[in-house]
Amino acid sequence: MIKIAVLGYGTVGSGIVEVIKTNQKLIDERAGEQVDIKYILDLRDFPGDPYEKLVVHDAEVILNDSEIRIIAEAMGGIEPAFTFTKRALAVGKSVCTSNKELVEKHGAELCELAKANNCSYLFEASVGGGIPILRPLVNCLTADHIDAVTGILNGTTNYILTRMDEDGADYETVLKEAQEKGYAERNPEADVEGYDAGRKIAILASLITGKDADFEHVYTEGITGITPEDFVYARAMKRVIRLLALYREKNGSYYAYVAPAMIGRDNPLYGVRDVFNSILVHGNMLGNAMFYGAGAGKLPTASAVVSDVVDCVRSVGETLPGGWSREKLPLTDHRSRAKRFFVRVSQQDAASFTEVFGECEKYESLVESETGFVTPEMDENEFEEKIAGISGYISRIRIED
């Protein structure tokens, strides 16, 4: 029997307990040992909860109990999760987590600490919720050089953009609806400004390269500026607008950024709707492989954490592969990467736009008093220099093919 503890009894923590208890027989069979939850750490009491007797309020009880071999961390945030995780790993207790913020910021250090103490730090659930992506990168695609990842990595923004597209509603209306349905937080900034997806693409870039990609150097642009008019043009172009997280390696340079983009029907991510997520991975031998599913939610996320727990049970006393070094990954300025842009300008400035940008695809008479253009391929520095001379410039969205 392997005894484990769950840190945090909120949405994900209670989901971890539910997954283990519901699928106990199956999990025990696949782990090769009985998995027994001995403690649940939380500051609150849960009178009437079927597992209230497992709840403790002092982390020392767990950290000092030699019977606890594995910890499922579902506290979220940096502290006290970082301190508890470090102390657990230092005494050889494996830790499995969904905490993307902690993994992105301290993953290299924690993986190093796990290796030094013959245990594991696993974080499958930190990227893509219930979608298995980190394990395939570490265990299944080891023969490939991964040079590109494109992901729809945030369910909140994907839901908002889908509803704006299909219902013709504006951003504020759909955001309110998403909050009422529980798809968006009361303060949705981390999602709608791209920070959540930015942390996830930083984790993916770190795992792929073996070097530490710093979220603070990942350019993030959110969806708050997207309007119903943008979707009018997108439909005419047979495209959809999605918030994409991208990692690219090209000619020794590494790019990672998050931004809204127009994608066409040939893109495998075109049909990813509502709260679903998907990750498109490109390897130099494999070509494209796509991973799709529930990117968030109580049980999908908890299921991924429990899968890591099962792997740790199978490998007690060992360090499972994964992680990266503390060496920083040098990220190149995203503005130097060439791409096309969809641009909206006032109708009276359409002629001057063509003079500056040259021959472009043009979309007229779709929105009153303005014209849409698709530019030739150029980097963002060149685009910004040229657009500065167009007084009737309204907005732009990148195009990813």
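This is a tour of the pockets, the cavities and one helix of a predicted model.

**Largest pocket**

Start by selecting Lys 100, Glu 185, Asp 196, Ala 296 and Gly 297, the lining residues that lie nearest the centre of the largest pocket. The volume here is about 1,200 Å³, and the full lining runs to 43 residues. By class, 20 of the lining residues are polar, 13 are nonpolar and 10 are charged.

Next, colour the elements that each supply at least two residues of this lining. They are helix 1 (11–22), helix 5 (100–116), helix 7 (155–167), helix 9 (189–192), helix 10 (195–209), strand 11 (276–283) and helix 12 (298–314).

**Second largest pocket**

Move to Leu 246, Arg 248, Arg 337, Glu 400 and Asp 401, which lie nearest the centre of the second largest pocket among its 23 lining residues. Strand 7 (146–152), strand 9 (239–250) and strand 11 give two or more residues each to the lining of this second largest pocket. Strand 9 has the largest share, with 5 residues. The volume of the second largest pocket is about 490 Å³. Its lining has 10 charged residues, 9 nonpolar and 4 polar.

**Cavities**

Now look for enclosed space: the structure holds 2 cavities of 30 Å³ or more.

For the largest cavity, select Arg 69, Ile 70, Gly 92, Ser 94, Asn 118, Cys 119, Cys 312, Val 316 and Gly 317, which line it. The space inside the largest cavity is about 50 Å³. Its lining divides into 4 nonpolar, 4 polar and 1 charged.

For the second largest cavity, select Leu 7, Leu 41, Ala 59, Ile 62, Leu 63, Ile 71, Phe 84 and Ala 88. How many of the residues lining the second largest cavity are nonpolar, polar or charged? The count is 8 nonpolar, no polar and no charged. Helix 3 (59–63) and helix 4 (81–90) each supply at least two residues of this lining, and the largest share, 3 residues, comes from helix 3. The second largest cavity has a volume of about 30 Å³.

**Helix 13**

Select residues 350–357, which form helix 13, and show the side chains of its buried residues, Ala 350, Phe 353 and Phe 357. These buried residues lie on the same side of helix 13 because they cover an arc of only 55 degrees around the axis. An α-helix has 3.6 residues a turn, so residues three or four places apart point the same way.

Turn the view to the other side of helix 13, where Ala 351 and Glu 355 are exposed. Then add strand 13 (340–346), strand 15 (370–374) and helix 14 (380–387), the elements against which the buried residues of helix 13 pack. Just after helix 13, stop at Gly 358, which takes a positive phi of about 85 degrees.

**Thr 371**

Finish in strand 15, at Thr 371. Is Thr 371 buried or exposed? Thr 371 has a relative accessible area of 2%, which means that this residue is buried, the cut-off being under 20%.

To see its surroundings, leave aside the neighbours within four places in sequence and display the residues in contact with Thr 371: Tyr 233, Val 343, Arg 344, Val 345, Ser 346, Gln 347, Ala 350, Lys 362, Tyr 363 and Glu 364. One of these contacts, Ala 350, is also one of the buried residues of helix 13.

Conventions:
Residues numbered from 1 in each chain as written. Predicted model: local features only at pLDDT ≥ 70, side-chain atom pairs only at ≥ 80, totals over all residues. Heavy atoms only, no water. 1 Å grid on protein atoms, 1.4 Å probe; cavity = no way out; pocket = protein on both sides within 12 Å on 5 of 7 lines; lining within 4 Å. Points joined across faces, edges and corners; volume = space filled by probe spheres on them. Helix = DSSP H or I, 4+ residues; strand = E, 2+ residues; numbered from the N terminus. Nonpolar A, V, L, I, M, F, W, Y, C, P; charged D, E, K, R; others polar. Buried < 20%, exposed > 50% of the residue type's maximum accessible area, 1.4 Å probe, protein only. Arc of directions from axis to C-beta. Contact = heavy atoms within 4.5 Å.
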